[in-house]
Amino acid sequence: MKGDAEMRDDYRQGFADQTKEITVPSLAVEGVIPDWLSGTLVRNGPARFRLEDKTLNHWFDGLAMLHRFDIAGGQVSYANKFLDTPALRATKDGKMKYAEFATDPCRNLFKRITQVFTGPTSGANANVSIGKIAEEFVAQTETPLPVAFDKDTLKTIGIVSYSDTLKGELTTAHPHYDQDSREAFNYLLSFGRKSTYNIYALPDGSKKRQLTGSYSTNRPSYMHSFGLSQKYVILMEFPLVVNPISMLVRGKPFIANYTWEPQRGTRFSLVDRYTGEVKYAHTDEAWFGFHHVNAVDRSGKVDLDIIVYPNADVVQYFYLNSLLNRPNHEAYPKNQLRRFAIDVSAGSVSSRTLIDHSAELPRINYGQYNSKTYQYVYATGIAKQGESAFLDTVVKFDLAGDVKEWRQDGQYPGEPVYVGRPDAQSEDDGILLTVVLDAAANNSYLLLLDARDLSEIARAGVPQHVPFGFHGAFIRS
């Protein structure tokens with residue numbers, strides 16, 4: 001019989017390396033998968049943290065692996081493959097050659113400064129999300145080097161080259177897509193004594209990014225995502241900031257150069273999608289977050305919904321040393337889904353809690369409701385605040401206040417991807433797809449939940465564990 005502490009710790013298997021690449025033509029399915037669900041779930045995330053010469057420091061550092069679940073005719077097949085990048089190839093001799101989010105290879109001051117003048121070298125370890133550029137599916141991370149892959153074989157095609165001259169060292173792995181204008185939005189951050197945010201649009205079928213607007217800052221913020229309303233691209237600039245010049249000489253891994261400066265409060269920069277004009281709003285309250293949920297224009301105001309933390313300690317929480325070695329952390333850092341009401345002309349911000357329940361990796365019925373009034377959020381959540389050490393439930397937030405949960409002991413679900421029924425009659429008429437770690441069995445399974453009530457529809461077992469990843473996309477047949 002496991003003790004309480006050991007039971008609470010068994011999520012750690014999700015951070016064990018998975019180096020076996022397999023193809024399974026047919027997984028064992030429990031339950032009945034509806035005929036209308038036909039397509040491919042591709043998931044992205046880290047799968048290897050331990051190299052011969054060092055262990056990577058952080059969850060965000062691991063070498064990227066793609067996972068493919070093909071669903072058709074009530075059957076599911078599975079395959080996984082490492083993304084073939086400079087970062088992966090450099091580890092063939094067991095060494096680390098390229099810097100990651102929180103781990104640096106040993107480089108001297110001369111090499112660091114030389115890199116600034118000769119251009120950054122990147123391992124292109126695109127381990128965060130899945131997107132599409134022109135006709136190619138891509139793996140994405142926070143360096144602007146998306147890596148194309150074949151969705152049917154998971155074979156890496158290579159780093160995508162854009163046909164424009166926009167420059168920047170940093171971006172987000174969460175571009176937004178506007179279904180009506182058929183274009184994606186993102187930004188590039190160009191570091192300098194004065195750093196510049198270049199917000200751009202990328203039309204369907206194109207590799208030429210079009211500059212929407214720009215603005216400068218002395219202290220860039222670490223932002224993992226941003227908001228998109230029908231009028232604005234909205235950057236919520238948390239007071240986790242960096243001095244780019246000191247970053248050159250300090251010799252620390254990327255994120256270790258950022259400092260929490262709560263006295264700055266939080267700035268909201270709103271870039272007009274049509275004119276490029278930039279407006280600013282500010283609150284004295286300090287917030288931090290990874291994932292925006294939605295943003296909706298309301299007659300001169302914008303409602304921005306995001307999962308926020310009261311500080312940036314969660315970045316430290318995701319260091320492997322913290323995640324794997326108790327008693328450093330007894331519980332997952334508390335967060336909430338919060339709405340920031342931005343008065344654009346006044347430059348003022350008010351906010352309120354929508355749902356006071358810790359969760360991460362939020363998804364909505366994006367295709368139909370992004371930048372529009374909506375009601376439901378799906379996420380991976382925390383079952384017992386103050387006790388659960390890692391995300392261990394699937395949650396559904398009704399913005400009217402209700403919270404539904406799917407939970408089973410020793411099971412750790414990942415991000416729930418919403419797939420709407422083709423003839424859906426309501427916002428939540430669909431299925432959630434989530435990959436769950438069964439810690440005791442040391443393997444994983446694809447779980448299908450009814451998005452309306454989180455009841456289980458079916459599951460398909462994978463004969464090995466799938467390490468905890470970040471984001472996925474469902475590609476309809």
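Two strands pair if DSSP finds at least two bridges between them, and the strands and helices on this tour are DSSP runs numbered from the N terminus (H or I with at least four residues for a helix, E with at least two for a strand). With that in hand, select strand 14 and strand 15: a hairpin joins them through three residues.

Before you go on, some ground rules. This is a predicted model in which local features need pLDDT of at least 70 and side-chain atom pairs count only at pLDDT 80 or more, while totals for chains, interfaces and linings use all residues. Residues are numbered from 1 along each chain as its sequence is written, and side-chain values use heavy atoms, leaving out hydrogens and water.

**Stop 1: strand 15 and its partners**

Keep strand 14 (residues 227-228) on screen; two bridges join this strand to strand 15, and the two run antiparallel. Click on Gly 227 and look across: the bridge partner in strand 15 is Ile 234. Now add strand 18 (residues 266-272), which pairs with strand 15 in the antiparallel sense over six bridges. Here Leu 235 stands opposite Ser 269 of strand 18.

How many residues of strand 15 are buried? Strand 15 (residues 232-237) has six of its six residues buried, where buried means under 20% relative accessible area, exposed over 50%, and partly exposed in between (1.4 Å probe, protein chains only). Colour the two faces separately: Tyr 232, Ile 234 and Met 236 lie on one side, Val 233, Leu 235 and Glu 237 on the other, and both faces are covered.

**Stop 2: a five-stranded sheet**

Next, select strands 1, 5, 4, 3 and 33. They form an open sheet in the order 1-5-4-3-33, with antiparallel pairing. Its edge strands are strand 1 (23-24) and strand 33 (471-476), each of which pairs on one side only. Inside this sheet, zoom in on strand 4 (residues 63-72) and strand 5 (residues 75-82), which run antiparallel and are joined by eight bridges. Leu 66 is a good residue to label, as it stands opposite Lys 81 in strand 5.

**Stop 3: aromatic pairs**

Show the aromatic side chains: the structure holds 37 aromatic pairs. Rings of Phe, Tyr and Trp (its six-membered ring) pair if their centres lie within 6.5 Å; planes under 30 degrees apart count as stacked, over 60 as edge-to-face and the rest as tilted.

Why is the pair of Phe 15 and Trp 59 edge-to-face? The ring centres of Phe 15 and Trp 59 are 5.6 Å apart and their planes are at 85 degrees, so the pair falls in that class. This pair links distant parts of the chain, 44 residues apart: Phe 15 is in the loop between helix 1 (4-9) and strand 1, and Trp 59 is in the loop between strand 3 (39-48) and strand 4. Phe 15 and Trp 59 are both buried.

Then select Phe 60 and Phe 318, a tilted pair at 5.8 Å centre to centre with 45 degrees between the planes. Phe 60 sits in the loop between strand 3 and strand 4, and Phe 318 in the loop between helix 5 (313-317) and helix 6 (320-324), 258 residues apart. Phe 60 counts as buried at 15% relative accessibility, and Phe 318 is buried with a relative accessible area of 3%.

**Stop 4: Arg 209 and two tyrosines**

Select Arg 209 with Tyr 162 and Tyr 200. A charge sits over a ring if NZ of Lys or CZ of Arg is within 6 Å of the ring centre and within 35 degrees of the ring normal. Arg 209 lies over the face of Tyr 162 at 3.7 Å from the ring centre, and its charged end also sits over the ring of Tyr 200, 5.5 Å from the centre.

**Stop 5: strands 20 and 21**

Five of the seven residues of strand 20 (residues 292-298) are buried, so this strand is largely enclosed by the rest of the structure. Six bridges join strand 20 to strand 21 (residues 301-308), and the two run antiparallel. Asn 294 has Asp 305 of strand 21 as its bridge partner. At the turn, the hairpin has two residues between the strands, and Ser 299 takes a positive phi near 40 degrees.

**Last stop: confidence**

Finally, colour by pLDDT, the predictor's confidence in each residue from 0 to 100. The chain averages 93, and 94% of the residues score at least 70.
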